[in-house]
Amino acid sequence: MVLRLRIKVCYGEKCVEGLGIANSGFAGKEPEIAIPQELVRELMGGEPSVILVERVLADGSRVLLPKLSNPLNIYLVTEDKVEGPVKSYAYITRGRFILLNDALLSRLRVVIIDPFEGVWCFRDELGRRERRGA
């Protein structure tokens, strides 16, 4: 099982929502997100400005990915609060899900309690509240 979180991605005044996977093995020093190309088209239209960046995947393989030149604002949306925005650069993928790297999860103040069961909380809720993934 994976931990899925409701994510809102904004560029300027336009926003789209989707499910983000929190425990995908996507690591980095700065907040980053991987977004399906369909969501990028919906958010930014036509051909956004990108650069090609080589990334090392969780399995050690290397891949060249298009990375948006401009950062996006990322929000974590729950039934009772919205955390963010966190400025994040985005990689465009052909996948179906949004992938959240560990630095972005940290800035969104997410604590994963049980990755298999999809249990998590916000940092200030630790020991007081448990949430379930979307």
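This is a short tour of the structure, stop by stop, with something to select at each one.

**Colour by confidence.** Keep in mind that the model is predicted. Its mean pLDDT is 92, and 99% of the residues reach 70 or more. Among the elements, strand S6 (residues 72-77) has the highest mean pLDDT, 98, and strand S4 (residues 50-56) the lowest, 89.

**Select Cys-10 and Cys-15.** Here you will find a disulfide, with the two sulfur atoms 2.0 Å apart. The count for the structure is one disulfide. If you check the torsion about the S-S bond, expect 105°, a right-handed link. How accessible are the two ends? Cys-10 counts as buried at 5% relative accessibility, whereas Cys-15, at 36%, counts as partly exposed. While you have cysteines in mind, try Cys-121 too: its relative accessible area is 0%, so this residue is buried.

**Move on to helix H1, residues 37-44.** Show the side chains of Leu-39, Val-40 and Leu-43, the buried residues of this helix. Now look down the axis of H1: these buried residues fall within an arc of 100°, so they line one face. Just past the helix, select Gly-45, which takes a positive phi of about 75°.

**Next, strands S4 and S5.** S5 covers residues 62-68 and pairs with S4 in the antiparallel sense over seven bridges. To pick out one of the pairings, select Val-50 and its bridge partner in S5, Leu-68. The hairpin has five residues between the strands, and Gly-60 takes a positive phi near 95° in it.

**Finish with the salt bridges.** The structure holds 11 of them. Start with Glu-79 and Arg-129, whose side chains meet at 2.9 Å, N to O. Glu-79 sits in the loop between S6 and S7, and Arg-129 in the loop between S10 and S11, so their contact ties together parts 50 residues apart in sequence. Glu-79 is exposed at 66% relative accessibility, while Arg-129 is partly exposed at 30%.

Then select Asp-80 and Arg-131, another salt bridge at 2.9 Å, N to O. Asp-80 is in the loop between S6 and S7 and Arg-131 is in strand S11, 51 residues away. Which end of this pair is buried? Arg-131 is, with a relative accessible area of 5%; Asp-80 counts as partly exposed at 44%.

For a last view, show Glu-79, Asp-80, Glu-125, Arg-129 and Arg-131 together: they are linked in a network of salt bridges.

Methods:
Residues numbered from 1 in each chain as written. Predicted model: local features only at pLDDT ≥ 70, side-chain atom pairs only at ≥ 80, totals over all residues. Heavy atoms only, no water. Disulfide = S-S within 2.5 Å. Buried < 20%, exposed > 50% of the residue type's maximum accessible area, 1.4 Å probe, protein only. pLDDT = per-residue confidence, 0-100. Helix = DSSP H or I, 4+ residues; strand = E, 2+ residues; numbered from the N terminus. Pairing = 2+ DSSP bridges. Arc of directions from axis to C-beta. Salt bridge = Lys/Arg side-chain N within 4 Å of Asp/Glu carboxyl O.
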